[in-house]
Amino acid sequence: MVQIHELELAVGDVFQVGQRTVTVIDIDNGEVTFRIDDGEPHEEDQMIDLTDERIPSPLPR
């Protein structure tokens, strides 16, 4: 059985679908553009700024 939900949306609205977070990033003439975050870390999210003084530098081996 398929469930249909209609929502009033505005740019910046965020909602949860299962394990995913969906953000409305644009609405143009009734067409909505979403950003979907699956909760998995991506390469750019895992990058560490090693110049950040709060993060200790690794010791040489």
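Select strand β3 to begin, since of the elements that feed the nonpolar patch β3 gives the most, with 3 residues; helices and strands here are DSSP runs numbered from the N terminus, a helix (H or I) having at least four residues and a strand (E) at least two. This is a predicted model, in which local features need pLDDT of at least 70 and side-chain atom pairs count only at pLDDT 80 or more, while totals for chains, interfaces and linings use all residues. Residues are numbered from 1 along each chain as its sequence is written, and side-chain values use heavy atoms, with hydrogens and water left out.

**The nonpolar patch**

Now select Val-11, Ile-27, Val-32, Phe-34 and Ile-36 together, which form a nonpolar patch on the surface with about 420 Å² of accessible area between them. Patches are made of residues with over 30% relative accessible area and no salt bridge, with like charges joined within 9 Å and nonpolar side chains (Val, Leu, Ile, Met, Phe, Trp, Tyr) joined within 5 Å. A salt bridge, for this purpose, is a side-chain nitrogen of Lys or Arg within 4 Å of a carboxyl oxygen of Asp or Glu, and accessible areas come from the Shrake-Rupley method with a 1.4 Å probe, where for residues only the protein chains shown count as cover. Within the patch, Val-11 lies in the segment before β1 (14-17), and Val-11 is exposed, with a relative accessible area of 55%; buried means under 20% relative accessible area, exposed means over 50%, and partly exposed lies in between (1.4 Å probe, protein chains only). Two other members of the patch face each other across strands, for Ile-27 stands opposite Val-32 in β3.

**The whole chain**

Zoom out to the full chain, which has 1 helix and 3 strands and follows, when read along the sequence, the pattern β-β-β-α. Of its 61 residues, 5% count as buried, and the chain exposes about 6300 Å², with carbon and sulfur atoms supplying 51% of that area. Among contacts with a separation of 6 or more, residues 24 or more positions apart account for 2%, where contact means heavy atoms within 4.5 Å.

**The sheet**

Colour the strands next, and follow an open sheet of 3 strands in the order β1-β2-β3, with antiparallel pairing. The edge strands are β1 and β3, each of which pairs on one side only, and the twist averages 35° from one strand to the next; axes are lines fitted to C-alpha atoms (for helices, over the stretch in contact), and angles run from 0 to 180 degrees between N-to-C directions. Two strands are said to pair if DSSP finds at least two bridges between them. On one side, β1 and strand β2 (residues 20-28) pair in the antiparallel sense over 4 bridges, among which Val-14 has Thr-23 as its bridge partner in β2 and Val-17 has Arg-20. On the other side, β2 and β3 pair in the antiparallel sense over 7 bridges.

**The two hairpins**

Select Gly-18, which takes a positive phi near 60° in the hairpin of β1 and β2, a hairpin with 2 residues between the strands. Then move to Asn-29, found in the loop between β2 and β3, where the hairpin again has 2 residues between the strands and Asn-29 takes a positive phi near 50°. Most residues other than glycine have a negative phi. At 77% relative accessibility, Asn-29 counts as exposed.

**Strand β2 and its neighbours**

Select Val-24 in strand β2, which is buried, with a relative accessible area of 1%. Leaving aside neighbours within four places in sequence, Val-24 is in contact with Leu-9, Ala-10, Val-11, Gly-12, Asp-13, Phe-15, Val-32, Thr-33 and Phe-34. The C-alpha atoms of Val-24 and Ala-10 are separated by 6.8 Å, although these residues are 14 apart along the chain.

Step back to Thr-23, also found in strand β2, which is buried with a relative accessible area of 12%. Not counting residues up to four places away in sequence, Thr-23 touches Asp-13, Val-14, Thr-33, Phe-34 and Arg-35.

Finish on Arg-35, which lies in strand β3 (residues 31-37). Setting aside neighbours within four places in sequence, Arg-35 is in contact with Thr-21, Val-22, Thr-23 and Ile-25, while Arg-35 and Val-24 are 6.5 Å apart from C-alpha to C-alpha and 11 residues apart in sequence.
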